[in-house]
Amino acid sequence: MPRSPHHERPRPDDARQRHEEVLRNFEEAWRGGRTPILEEYLPKDPKERGELLVELVHLDLEYRIKAGEPVTLASYT
């Protein structure tokens with residue numbers, strides 16, 4: 001019996017597209033003069049959070065360093 005679209009698991013390509021959109025929005029926030037809050041950009045699904053968190057932290061570090069902000073590990077705990 002075919003599954004309805006609401007019961008299908010997301011394909012890896014779908015997750016990657018969602019990640020790319022989140023990363024774009026995160027960067028747009030930085031470029032727009034706002035300091036985005038990482039937690040607000042993380043998906044609820046724990047399977048998707050890990051990979052995206054790493055990418056968001058890299059972007060966040062890059063923008064904070066460029067802005068001359070002090071960065072410590074404590075900023076991410």
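This is a short walk through the core, the salt bridges and the largest pocket of the structure above. One caution at the start: the model is predicted.

Let's begin with the core. The largest nonpolar core has 13 residues. Which of them have the most contacts inside it? They are Phe26, Tyr41 and Leu56. Two elements each give two or more residues to this core: α1, covering 12-31, and α2, covering 46-66.

Take Tyr41. Leave aside its neighbours within four places in sequence. Tyr41 is then in contact with Val22, Asn25, Phe26, Ala29, Pro36, Leu52 and Leu56. Phe26 and Leu56 are in that list, and both belong with Tyr41 among the residues with the most contacts inside the core.

Now the charged side chains. How many salt bridges are there? The count comes to eight. I'll pick out a few.

Start with Arg18 and Glu48. They form a salt bridge, and the closest N and O atoms are 2.4 Å apart. Arg18 sits in helix α1 and Glu48 in helix α2, so this pair ties together parts that are 30 residues apart in sequence. Are these two buried or exposed? Arg18 is partly exposed, at 34% relative accessibility. Glu48 is buried, because its relative accessibility is 12% and the cut-off for buried is under 20%.

Next, a network. Salt bridges link Arg16, Glu20, Glu51 and Glu55. Look at Glu55, which is in helix α2. Not counting residues up to four places away in sequence, Glu55 touches Arg16, His19 and Leu23. Glu55 and Glu20 are 35 residues apart along the chain, and their C-alpha atoms are separated by 9.9 Å.

Now move to Arg64. Which residues does Arg64 meet in salt bridges? One is Asp60, at 2.7 Å from N to O. Arg64 and Asp60 are four residues apart in helix α2, so about one helical turn separates them. Another partner is Glu69, and there the closest N and O atoms are 2.7 Å apart. Arg64 is buried, with a relative accessible area of 18%. Glu69 is partly exposed, at 25%.

Stay with Asp60 for a moment. Asp60 is found in helix α2. Asp60 is buried, with a relative accessible area of 1%. What does Asp60 touch, not counting residues up to four places away in sequence? The answer is Phe26, Trp30, Pro36, Leu38 and Tyr76. Phe26 is a residue we met in the core.

That brings us to the pocket. Rolling a probe the size of a water molecule over the atoms shows where empty space is left. The largest pocket has a volume of about 200 Å³. What kinds of residue line this pocket? By class, the lining has seven nonpolar, two polar and three charged residues. Asp60 and Arg64 are in the lining, and these two share the salt bridge I described. Glu39 lines the pocket as well. Other lining residues include Pro36, Ile37, Leu38, Leu42, Leu53 and Val57. Further along the chain, the lining includes Ser75, Tyr76 and Thr77.

Let me tie that together. Pro36 is in contact with Tyr41, is touched by Asp60, and lines the largest pocket. Asp60 lines that pocket too, and both Asp60 and its partner Arg64 are buried. When you open the model, start at Asp60 in helix α2.

Key:
Residues are numbered from 1 along each chain as its sequence is written. This is a predicted model: local features need pLDDT of at least 70, side-chain atom pairs count only at pLDDT 80 or more; totals for chains, interfaces and linings use all residues. Side-chain values use heavy atoms; hydrogens and water are left out. A nonpolar core is a set of buried Ala, Val, Leu, Ile, Met, Phe, Trp, Tyr and Cys residues joined through side-chain atoms within 4.5 Å. Buried means under 20% relative accessible area, exposed over 50%, partly exposed in between (1.4 Å probe, protein chains only). Contact means heavy atoms within 4.5 Å. A salt bridge is a side-chain nitrogen of Lys or Arg within 4 Å of a carboxyl oxygen of Asp or Glu. On a 1 Å grid over the protein atoms alone, a cavity is a set of points where a 1.4 Å probe fits but cannot get out, and a pocket is an open set with protein on both sides within 12 Å along at least five of seven lines; lining residues have an atom within 4 Å of a point. Grid points are joined across faces, edges and corners, and a volume is the space filled by probe spheres set on the points. Ala, Val, Leu, Ile, Met, Phe, Trp, Tyr, Cys and Pro count as nonpolar, Asp, Glu, Lys and Arg as charged, and the others, Gly among them, as polar.
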